[in-house]
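Colleague: Got a minute? I'd like to talk through the empty spaces in this protein.
Modeller: Sure, let me pull it up.

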Amino acid sequence: MWAVCADLEGVFVPEIWVNVAKVTGIEKLKLTTRDIKDYDELMAYRLRILDENNLKINDIQNVIATLKPLDGALDFVRWLRKITRFAIVSDTFIEFAQPLMDQLENPLLLCHSLEIDATGRVVNYILRQPDPKRKTVEAFQSLKYKVLAFGDSYNDISMLKAADIGILYCPPDNVVADYPEFAVAGNVPELKTLIRQHLFGD
């Protein structure tokens, strides 16, 4: 029995922080886990930039309201849900992700949450647990599932390493260079082919 664990941003939906940067003109917010390996370092940096520019949760959610899933993402989600047990495991926040998840027909999402004060300022972030992507894979494995996992960034690597099969999907060159042990899929058809090969021996 197999289960599939997948990243969210850059896989099914656009990178939220990158789009906030584009709309607000704050270039410093373009950095993602493709650029900075340490998630706590990245989030501390982001919160500082939000404060410096007086950006509130509503400002971010207004940008998110304009976003759509990536081309073919909904059909891909439907396909995965039809053939296997499937969970999206993300370092995003439920306060960001829910409008996009609605558009993807609400597959299971495991992610973090934000602490927001009465003025709408993002005060802090609350991790679901330390190293949650790896631990999600291990939880499925404890239930006697084999796990296939895919993602695009440094924060996905512990998940891919823990999985029985790990695949990089549309990763940047620096991630591929640092982790050559993983198969790479450059588009949805290539990823579907790899998934079929491992799950069904096609």
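Colleague: Let's start with the open spaces. What volume does the largest pocket have?
Modeller: About 180 Å³ for the largest pocket. Keep in mind that this is a predicted model.

Colleague: Okay. Which residues are closest to the centre of that pocket?
Modeller: Tyr39, Asp91, Asp131, Pro132 and Asn155, out of 13 residues that line the largest pocket.

Colleague: And which elements give two or more residues to its lining?
Modeller: For the largest pocket, those are α2 and α6, with α6 covering 132-142.

Colleague: How does the pocket lining divide into nonpolar, polar and charged?
Modeller: The largest pocket has 5 nonpolar, 3 polar and 5 charged residues in its lining.

Colleague: Switching to closed spaces, how many cavities of 30 Å³ or more are there?
Modeller: The count comes to 1 cavity of 30 Å³ or more. The volume of the largest cavity is about 170 Å³.

Colleague: Which residues sit closest to the centre of that one?
Modeller: Glu9, Glu15, Thr33, Asp91 and Asn155 are the closest, and 17 residues line the largest cavity.

Colleague: Asp91 and Asn155 came up for the pocket too, right?
Modeller: They did: both are on the list of residues closest to the pocket centre, and both are on the cavity list.

Colleague: Which elements give two or more residues to the cavity lining?
Modeller: Those are α2 (39-52) and β2 (85-93). The largest share comes from β2, with 4 residues.

Colleague: And by class, what is the cavity lining made of?
Modeller: The lining of the largest cavity has 7 charged, 6 polar and 4 nonpolar residues.

Technical notes:
Residues are numbered from 1 along each chain as its sequence is written. This is a predicted model: local features need pLDDT of at least 70, side-chain atom pairs count only at pLDDT 80 or more; totals for chains, interfaces and linings use all residues. Side-chain values use heavy atoms; hydrogens and water are left out. On a 1 Å grid over the protein atoms alone, a cavity is a set of points where a 1.4 Å probe fits but cannot get out, and a pocket is an open set with protein on both sides within 12 Å along at least five of seven lines; lining residues have an atom within 4 Å of a point. Grid points are joined across faces, edges and corners, and a volume is the space filled by probe spheres set on the points. Ala, Val, Leu, Ile, Met, Phe, Trp, Tyr, Cys and Pro count as nonpolar, Asp, Glu, Lys and Arg as charged, and the others, Gly among them, as polar.
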